[in-house]
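I set out these notebook entries for a reader who is new to the structure. Each entry records what I looked up and what I found.

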Amino acid sequence: MKMSVVASSLCLLGALASGSVSASEPVIGEKLEQAVAERANLPSAHASVSSDSLAELGSVFDSIIAANERPFYGVIALMQGGELRYVKASAYGEATAPTLDSRVMLASQSKMISAALVMQAVSQGKLALEDKINPYMASNNLPTYDERITIAQLLSHSSGIAPQGKANRFAPGSDFQYSNLGFQVLAQLLEITYQQDFATLVNTFLSEHGVEGIKAQLGAQQGLIEGIEIATQEPMEYEVQMNLLPGGGMTGSAKGLLTYLRALHGGKLLSDEAYQAMMAPQILRPHRWSQLYYGFGVQVNQQGIKEFSHSGYLPGYQSLSLSYPESDTYLVVLENASWSIDQSNQAFGLHDKLRRALRETLMAGRKLENNASAPTQSRL
C-alpha cells in the first residue's frame, strides 16, 4: 500500500552499487580508479585535486558506504571541473537502481532555487533586500505579518515570522528559526512582482539558463523514483501545495542539481553583486556542524575551506548538496529512502562522513598547492 502525502506543512530540515563517470550510461562494476584514469587528461580550470586523490577519495567513499550503520539507497555524484568523478547508485529492495536522471523530492534544496529567483529580482531593481514585506502583501489583499520583517530576513530565516494573527516569534533579525512560511511569502512577493505564478517563474528561470532536471509543479508529483519511509516500509506519494513548493516542494535529479549548483556558483545565474550577497553569512544557525551560518537560501561554512551547502528531508527522501566553488567541486547525495529525523546520526551520519572525507581531500590539495608556491612567493 502506498502512503499518499499532501505536502503542505511537513517538517523539513533546517536537516549493490555501481560506479561510473558517465551521466547517461553508468559503467556497472567498473573500478573508480579506472574510470578516473580515462578522464585524467580532461581540462579543469579550477581543479586543485589530482586524479590520484580523486581515485583515493572514491575508494574512501566506497568504504564509508559499506561500513555505515545503515544502508544507502539512492544516488551519490561528485563533479569537479564540469566532469563527473564519482557516481554511486543503490536500489531499494527489488527496485531498479536509480540513475543520474532519476527524480526525487528535493525538499529544502528547493530554497537555493527560490532564493536565487529573489536575488535576480533584486539585481533587476524590482525588489530590495531591505524592503518591508507588508506593503507588498497589503496592496494585494494578502495576509500581513510583523511590520518590521524585511525580504533579507525571510531569506536568512531570521524574521521570526509567525502565522497571521500570532505574535512574531522574536524581534526580526535577532535570531534564527527555520521557516517554510517565510519562503512561501517570498514566492508571493515574486508573483506580485512579475505577475506570474511561482512555478512558471521557477521553470522559466531554469530553462533560460540551461538547467534541466529540476521542476516546480503543484499537485500530484509524477515520474519520481519511489521514496520509502524505512520505519513504516511505506512508499510515499506527494501532492504539493503552494505553502510547501518554494521551500521544499520542487523535484530534481542528481544531474539537474549538479548543473544548477555549478551554474549558480560559476556566475551563470546571477550578477556578481547578487551572488555575493546571497552567499554572504547572515546569521549563525544551530546545527550539528559547528559554526555554520545561513546566507540567503544557502548554508555557509568558512572554516578551513569555503563551503556552501543545503540539506533536504521529507518522508521517503533525504538529501545533501555541497559546493566548493574555489575548486569547482560539487557533491550531491539524493536518497529515495528516509530514516527517522529524530535519529539524526542514523539518518544523516552517512552524509556527514562523506562530507568530512571530501573536505579533508580538498583541504589537503590546497595545502599542497600553497606549499608548492611558497618558495616563489618568498622571493617576491
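The entries below take up one strand and its neighbours, then a pair of helices, then salt bridges.

**Entry 1. The model**

I note at the start that this is a predicted model.

**Entry 2. Strand E15**

I looked up how far strand E15, residues 317-324, is covered, and I found that 8 of its 8 residues are buried. I recalled that side chains in a regular strand alternate between the two faces of the sheet. I therefore examined each face of E15 separately, taking under 20% relative accessible area as buried. On one side I listed Tyr317, Ser319, Ser321 and Ser323, and these are all buried. On the other side I listed Gln318, Leu320, Leu322 and Tyr324, which are all buried as well.

**Entry 3. The partners of E15**

Which strands pair with E15? I found strand E14, residues 307-314, running antiparallel to E15 and joined to it by 7 bridges. As one position in this pairing, I noted that Gly312 has Ser319 of E15 as its bridge partner. The hairpin of E14 and E15 has 2 residues between the strands, and I recorded a positive phi near 100° for Gly316.

I then turned to strand E16, residues 329-335, which pairs with E15 in the antiparallel sense over 7 bridges. Here I noted Glu335 of E16 as the bridge partner of Gln318. E15 and E16 also form a hairpin, with 4 residues between them. In that turn I found Asp328 with a positive phi of about 55°.

**Entry 4. Helices H3 and H7**

I looked up how helix H3, residues 110-123, packs with helix H7, residues 198-208. Their axes are 11 Å apart and the angle is about 85°. Angles of 65 to 115 degrees count as roughly perpendicular, so I recorded H3 and H7 as roughly perpendicular to each other.

Which residues meet at this contact? From H3 I listed Ile113, Ser114, Ala116, Leu117 and Gln120, and from H7 Phe198, Leu201, Val202, Phe205 and Leu206. I divided the residues of this contact into 8 nonpolar, 2 polar and no charged.

**Entry 5. Salt bridges**

How many salt bridges does the structure hold? I found 8 salt bridges, and I followed some of them in turn.

I returned to Asp328, which forms a salt bridge with Arg262; the closest N and O atoms are 2.6 Å apart. Asp328 lies in the loop between E15 and E16 and Arg262 in helix H9, residues 254-265, so the pair ties together parts that are 66 residues apart in sequence. Asp328 counts as buried, at 4% relative accessibility, whereas Arg262 is partly exposed at 31%.

Next I looked up Asp352, which forms a salt bridge with Arg288, the closest N and O atoms being 2.8 Å apart. Asp352 belongs to helix H11, residues 344-378, and Arg288 to the loop between strands E11 and E12; the two are 64 residues apart. I recorded Asp352 as buried at 14% relative accessibility and Arg288 as partly exposed at 34%.

The last pair I followed is Glu307 with Arg359, whose closest N and O atoms are 3.4 Å apart. Glu307 is in strand E14 and Arg359 in helix H11, so this salt bridge ties together parts that are 52 residues apart in sequence. Buried or exposed, I asked of Glu307? Glu307 counts as buried, at 0% relative accessibility, and Arg359 is buried at 10%. I also noted that Glu307, Arg355 and Arg359 are linked in a network of salt bridges.

Definitions and conventions:
Residues numbered from 1 in each chain as written. Predicted model: local features only at pLDDT ≥ 70, side-chain atom pairs only at ≥ 80, totals over all residues. Heavy atoms only, no water. Buried < 20%, exposed > 50% of the residue type's maximum accessible area, 1.4 Å probe, protein only. Pairing = 2+ DSSP bridges. Axes fitted to C-alpha atoms, helices over the stretch in contact; angles between N-to-C directions. Parallel < 35°, antiparallel > 145°, perpendicular 65-115°, else oblique. Contact = heavy atoms within 4.5 Å. Nonpolar A, V, L, I, M, F, W, Y, C, P; charged D, E, K, R; others polar. Salt bridge = Lys/Arg side-chain N within 4 Å of Asp/Glu carboxyl O.
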